[in-house]
Amino acid sequence: MTDFKDRERAEEAKFAMDEETAFKVAARRNRLLGEWAAGLMNLTQEETDAYKKAVVQADFEEAGDEDVIRKLLGDLTAAECDVSEDDIRAKLEEMTIEAKRQYMSEN
């Protein structure tokens, strides 16, 4: 019975660690996306820092990436940047890979 309990605790710990890693990677990805979008909108460094935080916060509105995509698309459209939803989705995938790479190289 002890082996089963030990295995159960190990699985729970692994699940918690995987969830924490996914959260950190998503937050890093969103900061990278915010930095990319801020560059397209020609924001100052202070505005860029604030915008990156706003993109991270946007991800808490609903599950999935649609809230982030919607924010970026709305902001980039308002700034008259020639960027489509497909462009944003492609950049999201690219930044997900980069965020994972950065996270893994730090840990």
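This report looks at helix α2 and its surroundings in a predicted model.

## Helix α2 and its two sides

Let's start with the length of α2, which covers residues 45-58. At 1.5 Å a residue, its 14 residues should span 20 Å, and the C-alpha atoms at its ends are indeed 20 Å apart, so the two values agree.

Which residues of α2 are buried? They are T48, Y51, K52, V55, V56 and A58. Looking down the axis of α2, you would find these buried residues within an arc of 160 degrees, so they line one face of the helix. It helps to remember that an α-helix has 3.6 residues a turn, so residues three or four places apart point the same way. On the other side of α2, the residues E46, K53 and Q57 are exposed.

What covers the buried residues of α2? The cover includes α1 (2-40) and α3 (66-78).

## How α1 meets α3

Two packed helices are described by the angle between their axes and the distance between the axes. For α1 and α3, the angle is about 10 degrees and the axes are 11 Å apart. Angles under 35 degrees count as roughly parallel, so α1 is roughly parallel to α3.

On the α1 side, the contact is made by N30, L33, W36, A37 and L40, while α3 brings V68, L72 and L76. Sorted by class, the contact has 7 nonpolar residues, 1 polar residue and no charged ones.

## A closer look at N30

N30 lies in helix α1. Is N30 buried or exposed? Its relative accessible area is 1%, and buried means under 20%, so N30 is buried. Leaving aside neighbours within four places in sequence, N30 is in contact with V55, V56, D59 and V68. Of these partners, V55 and V56 are among the buried residues of α2, and V68 belongs to α3.

Definitions and conventions
Residues numbered from 1 in each chain as written. Predicted model: local features only at pLDDT ≥ 70, side-chain atom pairs only at ≥ 80, totals over all residues. Heavy atoms only, no water. Helix = DSSP H or I, 4+ residues; strand = E, 2+ residues; numbered from the N terminus. Expected span 1.5 Å × (residues − 1). Buried < 20%, exposed > 50% of the residue type's maximum accessible area, 1.4 Å probe, protein only. Arc of directions from axis to C-beta. Contact = heavy atoms within 4.5 Å. Axes fitted to C-alpha atoms, helices over the stretch in contact; angles between N-to-C directions. Parallel < 35°, antiparallel > 145°, perpendicular 65-115°, else oblique. Nonpolar A, V, L, I, M, F, W, Y, C, P; charged D, E, K, R; others polar.
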